[in-house]
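Biologist: Please take a close look at one part of this chain and talk me through the packing there. Keep it brisk, and name the residues that do the work.

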Amino acid sequence: MDSNALNWIARFGDHLSHERRLSPHTRSNYRRDLDTLVQFCQRDGVDDWSATDPLTIRRYAAEQHRKGISARSIQRRLSAIRTFFAYLQREGVVVNNPATDVSAPRAGKRLPPTLDVDSMLALLAIDGDEPLTVRDRAIMELLYSCGLRLGELVGLDLDALDLDDATARVTGKGDKTRITPVGRPAQRALRAWLVVRGSIAEVDENAVFVSRRGRRLSRRAVQDRVAYWARRQGLDKSVYPHLFRHSFATHLLESSGDLRGVQELLGHANISTTQIYTHLDFQHLAETYDKAHPRARRKKSDS
């Protein structure tokens, strides 16, 4: 690849940052995926984006598959490549998008892990009134009450909380804002935290959750504290912030059956993303059937 072709990747990064306003983490993922294409094109003798055709992209996908890259990862890389070439089309660099009709091997559906209700309640039953304990209780109650992403939690500011109205204004992916209800246990935990927060937070800090140094809590700190409390509460599985989101969605869908409502609460742009939880719910029902239904038991014993 010549320097001019590589410069377009840098310009694409600026486009993702300034026009699409994607997070640094997402931009980094795009750059990493495109770097694998650049390496392939250099080996394949392609030195300009306009010389990249569908056959090139198919050879690229096939090479990724031979290297043992998962179907899910290949799908993500092809998606990044399609987005990049759509940008190049807009800028007049290429006429056609060579990745449009190239597909990856089909990936099997991977159901998200969850905590059952009893395990979640055990995790949230934290005793103690030490300030960081009060903070951590509020963090986990809010994660479970609202199904927040980790970035949404650490990005939450004081002026986005309205406990009198029992709501929080959350900024999600693509800077999209949604209003989410806050349940009573989370309200109580947040009120308790806000009473002691002032003794820790710096005067000019607007974050709801702060570290012992008084500044906005980092993602890693939340991950570490969640894992710490899972061990303290005797849970025998890996627990991380996104597990609260999966559990929130699954428990809500099991009790309400309202897929559209869960979609809105999670802030999913497409309902197809939310539908994974219906598969999870069906799997639970199928397991119950296999264990309890007389016909299922008889079939199992006859085999």
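Modeller: Contact, in what follows, means heavy atoms within 4.5 Å. The model is predicted. I will stay with helices H2, H3 and H4 and the loop after H4, with a short look elsewhere at the end.

First, the setting. The protein chain has 14 helices and three strands. It runs to 303 residues, and buried residues make up 42% of them. Take the contacts with a separation of 6 or more: residues 24 or more positions apart account for 59% of these.

Start with H2. This helix covers residues 24–44, which is 21 residues. From first C-alpha to last it reaches 30 Å, close to the 30 Å expected at 1.5 Å a residue. Which residues of H2 are buried? They are Asn29, Tyr30, Asp33, Leu34, Thr36, Leu37, Val38, Phe40 and Cys41. These buried residues pack against helix H1 (3–19), H3 and H4. Just after H2 comes Gly45, with a positive phi of about 80 degrees.

Now the pairs. Two packed helices are described by the angle between their axes and the distance between the axes. For H2 and H4 the angle is about 90 degrees, and the axes are 9 Å apart. Angles of 65 to 115 degrees count as roughly perpendicular, so H2 is roughly perpendicular to H4. On the H2 side, Tyr30, Asp33, Leu34, Thr36 and Leu37 make the contact. H4 answers with Arg76, Arg77, Ala80, Ile81, Thr83, Phe84 and Phe85. By type, the residues of this H2 and H4 contact are seven nonpolar, two polar and three charged. Each of the five H2 residues named there, from Tyr30 to Leu37, is also on the list of buried residues.

H3 meets H4 at another angle. H3 spans residues 54–66 and H4 spans 71–90. Their axes come within 10 Å and cross at roughly 155 degrees. Over 145 degrees counts as roughly antiparallel, so that is how H3 and H4 run relative to each other. The crossing of H3 past H4 is right-handed. H3 supplies Ile57, Tyr60, Ala61, Gln64 and His65 to the contact, while H4 supplies Ile74, Arg77, Leu78 and Ile81. Those residues divide into six nonpolar, two polar and one charged. Note Arg77 and Ile81 of H4: they take part in the contact with H3 and in the contact with H2.

Move on to the loop between H4 and helix H5 (117–124), where Val94 is found. Is Val94 buried or exposed? Its relative accessible area is 8%, so Val94 is buried. Beyond its neighbours within four places in sequence, Val94 is in contact with Trp49, Ser50, Phe85, Leu88 and Gln89. Ser50 deserves a second look: 44 residues separate it from Val94 in sequence, yet their C-alpha atoms are 5.1 Å apart. Phe85 links back to the earlier pair, as it also belongs to the H2 and H4 contact.

Last, two backbone oddities among the strands. Ala166 is not a glycine, but its phi is near 60 degrees, a positive value. It lies in the loop between strand S1 (161–162) and strand S2 (167–171). At 18% relative accessibility, Ala166 counts as buried. Asp175 also has a positive phi, about 60 degrees. Its loop joins S2 and strand S3 (177–181). Asp175 counts as partly exposed, at 38% relative accessibility.

How values were computed:
Residues are numbered from 1 along each chain as its sequence is written. This is a predicted model: local features need pLDDT of at least 70, side-chain atom pairs count only at pLDDT 80 or more; totals for chains, interfaces and linings use all residues. Side-chain values use heavy atoms; hydrogens and water are left out. Axes are lines fitted to C-alpha atoms, for helices over the stretch in contact, and angles run from 0 to 180 degrees between N-to-C directions. Helices (H or I, at least four residues) and strands (E, at least two) are DSSP runs, numbered from the N terminus. Angles under 35 degrees count as roughly parallel, over 145 as roughly antiparallel, 65 to 115 as roughly perpendicular and the rest as oblique. A crossing is left-handed if the near helix is turned anticlockwise from the far one by less than a right angle, and right-handed if clockwise. Ala, Val, Leu, Ile, Met, Phe, Trp, Tyr, Cys and Pro count as nonpolar, Asp, Glu, Lys and Arg as charged, and the others, Gly among them, as polar. The expected span of a helix is 1.5 Å times one less than its number of residues. Buried means under 20% relative accessible area, exposed over 50%, partly exposed in between (1.4 Å probe, protein chains only).
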